[in-house]
2 protein chains.
Amino acid sequence: MTEKSLISPRTLQGFRDYLPEAMIPRERLMETARRVYRSYGFSPIDTPALEYLEILTGKGGEETDKQLYHFEDAGGRAVGMRFDLTVPLARFAAQHIVELGTPFKRYHIATVWRGERPQAGRFREFMQCDFDTIGTRSIASDVETALVIHDLLRAIGIHDFTIRLNNRMLLTGLLERRGLAERSAAVLRALDKLGKIGADKVAAEMVDTAGATPEQASEVLKLAEVSGSNDEILRQVEPLVAGSATGEAGVGKLRETLAALAAVGVAEPLVKLDVCIARGLDYYTGTIFETFLNELPEIGSICSGGRYDNLAELYTNQELPGIGASLGLDRLLAALEKLGLVEKVATPAPVFIPYFDAARLHDYLRMAAALRAAGIGVEIYPEAKKLGQQLKYADRRGFRVALIAGQDEFDRGMCQVKDLQCGEKKDVPLAGNYAELIEAVLKLLR
Amino acid sequence: MTEKSLISPRTLQGFRDYLPEAMIPRERLMETARRVYRSYGFSPIDTPALEYLEILTGKGGEETDKQLYHFEDAGGRAVGMRFDLTVPLARFAAQHIVELGTPFKRYHIATVWRGERPQAGRFREFMQCDFDTIGTRSIASDVETALVIHDLLRAIGIHDFTIRLNNRMLLTGLLERRGLAERSAAVLRALDKLGKIGADKVAAEMVDTAGATPEQASEVLKLAEVSGSNDEILRQVEPLVAGSATGEAGVGKLRETLAALAAVGVAEPLVKLDVCIARGLDYYTGTIFETFLNELPEIGSICSGGRYDNLAELYTNQELPGIGASLGLDRLLAALEKLGLVEKVATPAPVFIPYFDAARLHDYLRMAAALRAAGIGVEIYPEAKKLGQQLKYADRRGFRVALIAGQDEFDRGMCQVKDLQCGEKKDVPLAGNYAELIEAVLKLLR
């Protein structure tokens with residue numbers, strides 16, 4: 001062999017390959033998301049990975065800009081890779097909404113990139129699954145957004161979760177009443193840290209950073225003392241916002257949303273008011289959602305979102321209110337793995353046909369074609385190696401059933417159907433267009 | 001309204017948005033590809049959009065380098081965006097094949113980027129759907145590759161197509177016999193243009209560029225005179241390669257492949273020998289495929305591929321032979337549109353519920369939930385606008401069925417089921433957990 005210099009095969013830091021064992025469940029998650037989004041009439045869209053840099057940086061602060069992959073293209077244009085799906089949606093809506101008409105409901109499942117320093121569990125490339133309803137202020141869409149989150153998690157196989165619900169109008173009303181309307185952004189940013197750093201540190205931040213008085217901070221933190229059932233919580237917050245039209249409207253919308261959700265059986269403890277969540281972005285103006293896995297609250301919200309008044313103000317004068325949420329696919333996948341909810345298989349086809357008799361390729365091809373026509377995935381081993389070696393391969397990949405036929409079986413017009421999970425075997429006739437074989441395999445797979 | 005300066009919402013040249021009408025069929029194509037690939041045991045993988053630049057440019061010539069989007073990242077690394085899925089597969093295989101084991105069958109459906117000057121129908125961002133079998137030289141995989149192409153097009157709804165088949169060993173043998181072994185790359189590049197520029201110009205290029213004598217060129221171009229059935233073609237090429245072990249083996253492999261395909265009913269005219277196709281890349285060493293739509297041959301091959309001896313030689317000393325093909329998703333989609341095979345709908349949900357009576361949101365939500373639980377997609381209009389306006393929206397989106405219920409219908413415990421294609425209406429009882437309603441809708445959708 002001649003000596004040659006090889007290029008070291010490796011991925012960039014913060015990036016990763018998805019091998020079949022990881023990609024099969026990841027694809028299943030995406031499919032489930034698509035199916036649930038579609039079942040509510042959300043339509044798929046796609047936008048370019050690369051956008052004009054000014055489109056991407058228009059909305060973000062310095063923080064965002066630093067995280068952005070950007071460069072000059074061969075035509076001298078400043079371009080960047082999308083870092084979320086909201087900015088592209090805003091640009092897309094500004095550009096196409098006249099053609100599309102409102103209400104416009106879209107989902108977008110796509111990769112985004114962030115140049116941030118990769119930490120444990122943080123990557124520079126990840127998949128987002130967003131859905132939004134644009135062009136309506138109706139509470140019906142707020143209700144629907146919560147229902148989609150609920151159906152999505154159920155469809156994924158998660159039953160022990162909590163959708164936490166709040167409304168920014170409630171918070172805005174409270175801050176208005178306490179004379180903090182001008183400082184709301186900073187105050188809410190502090191409030192949002194309640195779960196992480198506790199009430200004392202939040203109060204300190206409200207005073208030190210947001211410029212509230214200690215009395216004001218303590219009034220806002222009365223929110224943290226609110227507890228009980230959703231009804232009890234609503235009764236406790238009502239006096240805190242009384243006198244603020246915005247705050248009272250916020251409480252009314254929460255009550256209306258909860259009632260509609262309960263009408264279709266989505267009630268406590270699945271949906272829980274949490275009047276302290278604010279979500280960082282200034283962008284939200286109404287209903288806010290966060291979703292936690294009760295067994296893994298520490299991983300944070302896996303599906304968050306909320307209502308906004310004006311999606312695309314940087315790109316159009318047309319006012320586009322809406323509501324949406326985003327499923328953090330890769331974070332959820334990591335959680336599912338921790339919870340043991342991810343099946344370890346490396347084959348998407350359940351049936352394996354060893355290439356047992358070198359002269360019988362045509363027969364194996366016919367068997368496989370008949371099974372596939374019946375909707376059953378089948379892999380034929382490509383080489384006529386020793387049977388034991390082929391079955392070892394099948395084991396490693398995680399096939400469910402093997403169909404073993406050599407000279408002897410073909411002479412008898414039979415095929416051995418082997419359950420690879422329990423090892424049981426049984427001979428099945430091949431005659432009659434493989435009808436019995438198909439039946440036997442379907443029975444094992446059920 | 002205050003004057004403000006807007007950022008013009010636009011996409012970069014050569015990039016495009018996919019609106020629902022385009023994205024719904026595009027997603028359906030991807031799903032079909034996934035389903036067919038899986039039914040043969042190909043597993044999904046994914047790799048990063050960004051790779052070390054040296055990984056990407058290792059194999060390509062200058063042509064490729066110019067087309068590459070590349071830049072320096074914040075860490076000073078030279079990085080590039082993948083321009084195909086073969087180079088990432090080679091890197092991936094070199095890195096993981098020990099863990100994965102062989103044979104390894106993967107599919108990869110992902111976006112690639114090329115900085116080339118965009119022309120009509122050419123974009124800088126497009127989707128590829130590749131599948132490959134790595135780690136085996138067995139002809140069974142060649143046969144399977146053709147079967148996957150066949151099943152894929154059938155599943156998409158295309159029946160009038162031709163899979164063109166050749167084997168590079170046949171060409172290599174012929175060139176050996178004519179003393180052109182050393183010049184084979186340039187000769188084959190010329191031969192590949194036969195369909196586009198004709199035999200005379202190909203002969204001229206063989207002489208002028210590839211350095212063949214006119215006699216040699218004319219000998220090679222005997223391939224262009226070969227015609228008839230697959231069997232007749234094989235008989236005519238046999239004397240052209242006689243005496244070359246490689247060429248004779250090539251003919252043998254073609255015969256074996258055709259026989260196996262015929263055994264599962266995939267024969268002429270679906271599979272047709274074309275001994276003049278060579279496919280540009282040096283990389284191919286055995287079986288070659290191209291696939292044409294008989295009604296639109298001018299768009300070129302929509303699914304091409306072939307066998308190679310050594311996938312990842314730039315990254316590993318392990319020899320990795322294999323075979324694969326790539327479906328040009330966006331090219332195919334454009335073709336399907338031309339052929340009128342793309343249904344124009346802008347909703348993935350077939351059923352529409354107008355928000356007719358403002359007080360009845362809970363009822364609409366219950367109806368929709370019951371239908372969704374039965375697997376039927378339903379969109380509720382979010383606002384209680386005039387019915388006519390809502391139905392106009394439904395028309396524009398392409399819903400199939402509307403479920404209309406106002407005060408009057410609810411009082412009678414009924415719902416009007418309207419077929420939006422023919423306009424027929426019928427009243428259906430709501431009682432009994434919507435069982436009759438579900439039945440009526442399913443009947444219309446069938």
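This is a short walk through a predicted model with two chains, A and B, from the overall layout down to single residue pairs.

Okay, some housekeeping before the pictures. Residues are numbered from 1 along each chain as its sequence is written, and chains are lettered from A, with ligands numbered from 1, in the order in which they are written. Since the model is predicted, local features need pLDDT of at least 70 and side-chain atom pairs count only at pLDDT 80 or more, while totals for chains, interfaces and linings use all residues.

Let's start with chain A on its own. Its C-alpha trace spans about 90 × 55 × 45 Å along the principal axes. Chain A has 16 helices and 16 strands; those are DSSP runs, H or I of at least four residues for helices and E of at least two for strands, numbered from the N terminus. The domain assignment, and bounds here come from an automatic or database assignment, gives domain 1 as 20–338 and domain 2 as 351–445. The centres of these two domains, taken over C-alpha atoms, are 50 Å apart.

How much of chain A counts as buried? Of its 446 residues, 46% do. For that label, a residue needs 20 or more other C-beta atoms within 10 Å of its own; 12 or fewer makes it exposed, in between is partly exposed, and the C-beta atoms are placed from the backbone. As for contacts (C-beta atoms, placed from the backbone, within 7 Å), take those in chain A with a separation of 6 or more: 68% of them come from residues 24 or more positions apart.

Now put the two chains together. Chain A superposes on chain B by a rotation of 180° with 0.0 Å of shift along the axis, at an RMSD of 0.1 Å. The two copies are therefore related as by a two-fold rotation axis. In chain A, the C-alpha nearest that axis belongs to A:Phe71, 3.1 Å away. The fit, by the way, is least squares on C-alpha atoms of residues with pLDDT of at least 70 in both copies.

And the interface? 79 residues of chain A are in contact with 79 residues of chain B. On the chain A side that's 44 nonpolar, 19 polar and 16 charged residues. The classes go like this: Ala, Val, Leu, Ile, Met, Phe, Trp, Tyr, Cys and Pro are nonpolar, Asp, Glu, Lys and Arg are charged, and the others, Gly among them, are polar. 100% of the interface residues of chain A are also interface residues in chain B, so the copies meet through the same surface.

Next, sheets. I'll call two strands paired if DSSP finds at least two bridges between them. In chain B there's an open sheet of eight strands, order S1-S5-S6-S11-S10-S9-S7-S8, with mixed pairing. Strands S1 (43–44) and S8 (271–273) of chain B stand at the edges with a single partner strand each, so one side of each has no neighbour in the sheet. Further in, S7 (161–167) and S9 (284–293) of chain B run antiparallel, joined by seven bridges, and B:Thr162 stands opposite B:Phe292 in S9(B).

Two helices to look for here. Helix H5 of chain B, residues 139–156, lies across S6, S7, S8, S9, S10 and S11, at about 15° to S11(B). Helix H11 of chain B, residues 245–263, lies across S7, S8 and S9, at about 150° to S7(B). Those angles run from 0 to 180 degrees between N-to-C directions, with axes fitted to C-alpha atoms, for helices over the stretch in contact.

Is B:Ala245, in helix H11 of chain B, buried or exposed? With 11 C-beta neighbours inside 10 Å, B:Ala245 counts as exposed. Its C-alpha is 9.6 Å from that of B:Leu170, 75 residues apart along the chain.

Last stop, the other sheet, seen in chain A: five strands, open, mixed, in the order S13-S12-S14-S15-S16. Neighbouring strands are turned by 25° against each other on average, direction ignored. S15 and S16 of chain A pair antiparallel over five bridges, with A:Gln416 opposite A:Asp427.

Over in chain B, S12 and S14 run parallel with two bridges, and B:Val351 has B:Val401 as its bridge partner. S14(B) and S15(B) are antiparallel, with four bridges. S15(B) and S16(B) form a hairpin with five residues between them, and in the turn B:Gly423 has a positive phi of about 85°.
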